[in-house]
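This briefing goes through one protein chain by topic, from strand pairing to helix packing. The sequence and the coordinates are shown first.

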Amino acid sequence: MASPRPSKAPQRKAPPSKAATIFRKLLIVGGAGALVTLVALVVAVYLQVSTLPTYSELRSSPNGQMIRVHAADGTVLVSLGPSYGEWLSYDEIPQVMKDAMVSVEDKRFRSHLGVDPIGIARSVKVRLQRGHWAQGGSTITQQLARNVFLTNTRTFGRKAREWLLALAMERKFSKDQILELYLNKVYFGGGSYGIDAASRRFFGHGGDKLSLAEAAVIAGLVKAPSRYSPTADAEAAIGRSTVVLNSMVENGVITMAEATNAEKVKVRLNEDANENSVRYFTDWALPQLETLIDETVEPLDVWTTLDPGMQKAAQAAVRANAPGNAQGALVSLDRDGAVRAMIGGKDYVTSIYNRATQATRQPGSAFKLFVYLSALEAGYKPDDMVTDEPVNVGGWSPRNSNGRYTGSINLRTAFTYSVNTIAAKIGQDVGTTTIADMARRFGITTPINTHPSMVLGTSDVRLIDMTRAFASVASKGIAVVPYGITKVTSTGGRVLYRHESDTSRVLVAPWVAAEMTDLMQSAVSAGTGRAANIGRPVAGKTGTTSSNKDGWFIGFSSGLTTGVWMGRDDSRPVPGLQGGTAPARAFAAFMRVATAKRPVEQFETKVTLPEWQLEPDAEAYYGQAETPQLVDEAGNPVGPEERPFDEPQPGEGEEQLDEQFYDRALGRGQPPRDPREEEPEPRDRGREPPPQERPYP
């Protein structure tokens, strides 16, 4: 009998590895956490649903705050705020409008639950690739939630609330209701909320009559209403509409042939959609309301400083004088800082970029205002003798254009003809840090370098800041702060804000401001700024940067300070552009109109000096000085063909640049003359005055 086979002992399973155990626990914990999070999210969503307004309440709620902006004379400049268009029901909205909006803003609108995971993932991917947020993952529902309930602040907390609200809205309202609310409430630019208001604003007819091409333009505005609005940039709006049409083709709602035909259609903009230059001013002034008042719902009347007549004259002056391939900007301040005119470019319709308040450019010799203010405060006097000679400051050697130097001249002559070597010497003497501090003291908000060449205006500045600085000199050294809003009232007349000017900040002593005014009056009467003469006392300064990239003229007369800048946005040279040519002529064209109804004011340049300034100087004299030729701001020679048409040439005339000459040129010691007596007959406008009437021999 065969012996039974021995039975095998049962094999014991190897215990799971430590890593597997940890992974399993993490999986369990993670799954439990996800389940808890999901339950919490569902509870939060349904709690949010219970707090949402009804569809009828959302439909009747206001779209935004109504604001009427008044000029200084009370006339209404512009009305901004909610649309007065009709509410279009879902069935009244053209299908092309609905398809266009869904295609460009939210392709999966009909399938997601309010938040689109695919869109979020794509947005995160682009963020990782580019290093910054370049694509939004917001659905139409999220945008509606943000527009109705939230602000545009970019925080994760706000984004989480936006997601929660979007999920809740999808539970409470149908897709058609959400799209109807969105198309009637979203902001399309130009003060228009909703497609009916936008259609009437841009095309002159109701939103129920939109064509495919027009619908594509309107759908393209949501991404950036200010940038793509036809009132701001017609070409950008049309270009953006092509993107919308291509998205519609990809979504299968139109054919390529329909898109091509729509692109060929020339969209006709309503003439009323073309904004004038007033919007440069309102775009600058209205954002200040956020810091002036707390009211964000009640309709407002905003009363401003803008003078319609001056604004019209400013626009005409810039357009008539700015070179064809260049832009121009102008800002004019009253003696208390009230902005009376503001031009940010030749045409607001083609470019909303405000070059008067946003652009930063090198001011060239206009920056010498701060150089000479520092010198005067340090003890220099206009009749002090200085030597125009070769200068070397740490390897930098500014030079005069003819390679020669004038020798002994007084400070007034050096400023009148903008001699670079003297500015460099002053910088060496008083210190570039002192000059930079002076510029900041007078309101320059942009960074200022302290290299030796800074005395020639190599730091970028804003036109409104430079104009503010000159206005502070005109106000005898008291700080002037530009402002555009005088008061804000409710529609019932309740005053919510009233401007009060502060005249307590003294920047420099009155005698420093008076001597600076004296120097600047010489520059206009006998120097590089002669094209700015308007038949009454004017003080100012020209500025030209290297290779004629920028031209400046800033000056004041009869209580009004005006700054003009001209140049190209890409900083390329503009042949023939200098501060003493087109900018000075634009200044004169504007100021003749702006000061016409103001009394003629003589400058108070004779003031009591402090005792330390009254030391006698018996050997001071006023000798004839050879007129220095101009150089650019890098110290490079400027040839005769590049000189401004009105610049005095060396050797013209024999009259000596002595104190008697300046008295005659500036009208000191003579009874004031009525500028109307000197106004040429209409047939003589623009003609050169006879030689004996010229302010320089």
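Strand 10 and strand 11 (residues 550–557) are paired antiparallel through 6 bridges. Within that pairing, T542 has F553 of strand 11 as its bridge partner. Helix 21 (residues 510–526) lies across both strands, at about 65° to strand 10. The model is a predicted one.

**The sheet around strands 10 and 11**

- The open sheet has 5 strands in the order 5-4-12-11-10, and the pairing is antiparallel.
- Strand 5 (339–343) and strand 10 (539–544) are the edge strands; each has a single partner strand, so one side of each lacks a neighbour in the sheet.
- From one strand to the next, the twist averages 5°.
- In general, the strands of a sheet are paired through backbone hydrogen bonds, in a parallel or an antiparallel arrangement.

**Strand 4 and its two partners**

- Strand 4 (residues 327–334) has 8 of its 8 residues buried, so the rest of the structure largely encloses it.
- Q327, A329, V331 and L333 point to one side of strand 4, while G328, L330, S332 and D334 point to the other, and all are buried.
- Strand 4 runs antiparallel to strand 12 (residues 560–567), and 8 bridges join the two.
- On the strand 12 side, T561 is the residue opposite L333.
- The pairing of strand 4 with strand 5 is also antiparallel, and it has 4 bridges.
- On the strand 5 side, A341 is the residue opposite S332.
- The hairpin of strand 4 and strand 5 has 4 residues between the strands, and G337 there adopts a positive phi near 100°.

**Nonpolar cores**

- The largest nonpolar core contains 83 residues, and F370, Y372 and M516 have the most contacts inside it.
- Helix 21 is the element that gives the most to this core, with 8 residues.
- A second core, separate from that one, has 49 residues, including V49, Y55, I93 and F173.
- Leaving out residues up to four places away in sequence, Y372 touches L411, A414, F415, I422, I426, M516 and L519.
- As a general tendency, nonpolar side chains in soluble globular proteins are buried together.

**Aromatic pairs**

- The structure has 9 aromatic pairs.
- F367 and F370 have ring centres 5.1 Å apart and planes at 65°, so they form an edge-to-face pair.
- Both rings belong to buried residues: F367 has a relative accessible area of 1%, and F370 has a relative accessibility of 0%.
- Y372 and F415 are likewise edge-to-face, because their ring centres are 4.9 Å apart and their planes are at 75°.
- This pair ties together parts 43 residues apart in sequence, because Y372 lies in helix 16 and F415 in helix 17.
- Y372 counts as buried at 0% relative accessibility, and F415 is buried at a relative accessible area of 2%.
- One aromatic cluster is formed by F367, F370 and F442.

**Helix 18 and what covers it**

- Of the 11 residues of helix 18 (residues 420–430), 8 are buried, and the helix is mostly covered.
- Those buried residues are N420, T421, I422, A423, A424, I426, G427 and V430.
- Their cover includes helix 16 (368–377), helix 17 (411–416) and helix 19 (432–441), together with strand 6 (385–388) and strand 7 (407–410).
- Two of the buried residues, I422 and I426, are among the residues that Y372 touches.
- G431, just after helix 18, has a positive phi of about 100°.

**The chain as a whole**

- The chain has 24 helices and 12 strands.
- Of its 697 residues, 52% are buried.
- Among contacts between residues at least 6 apart in sequence, 72% are between residues at least 24 apart.
- The exposed area of the chain is about 33,300 Å², and 53% of it comes from carbon and sulfur atoms.

Notes:
Residues numbered from 1 in each chain as written. Predicted model: local features only at pLDDT ≥ 70, side-chain atom pairs only at ≥ 80, totals over all residues. Heavy atoms only, no water. Buried < 20%, exposed > 50% of the residue type's maximum accessible area, 1.4 Å probe, protein only. Contact = heavy atoms within 4.5 Å. Areas by Shrake-Rupley, 256 points an atom, 1.4 Å probe, with all protein chains shown as cover. Pairing = 2+ DSSP bridges. Axes fitted to C-alpha atoms, helices over the stretch in contact; angles between N-to-C directions. Core = buried A, V, L, I, M, F, W, Y, C linked by side-chain atoms within 4.5 Å. Phe/Tyr/Trp six-rings, centres within 6.5 Å; stacked < 30°, edge-to-face > 60°.
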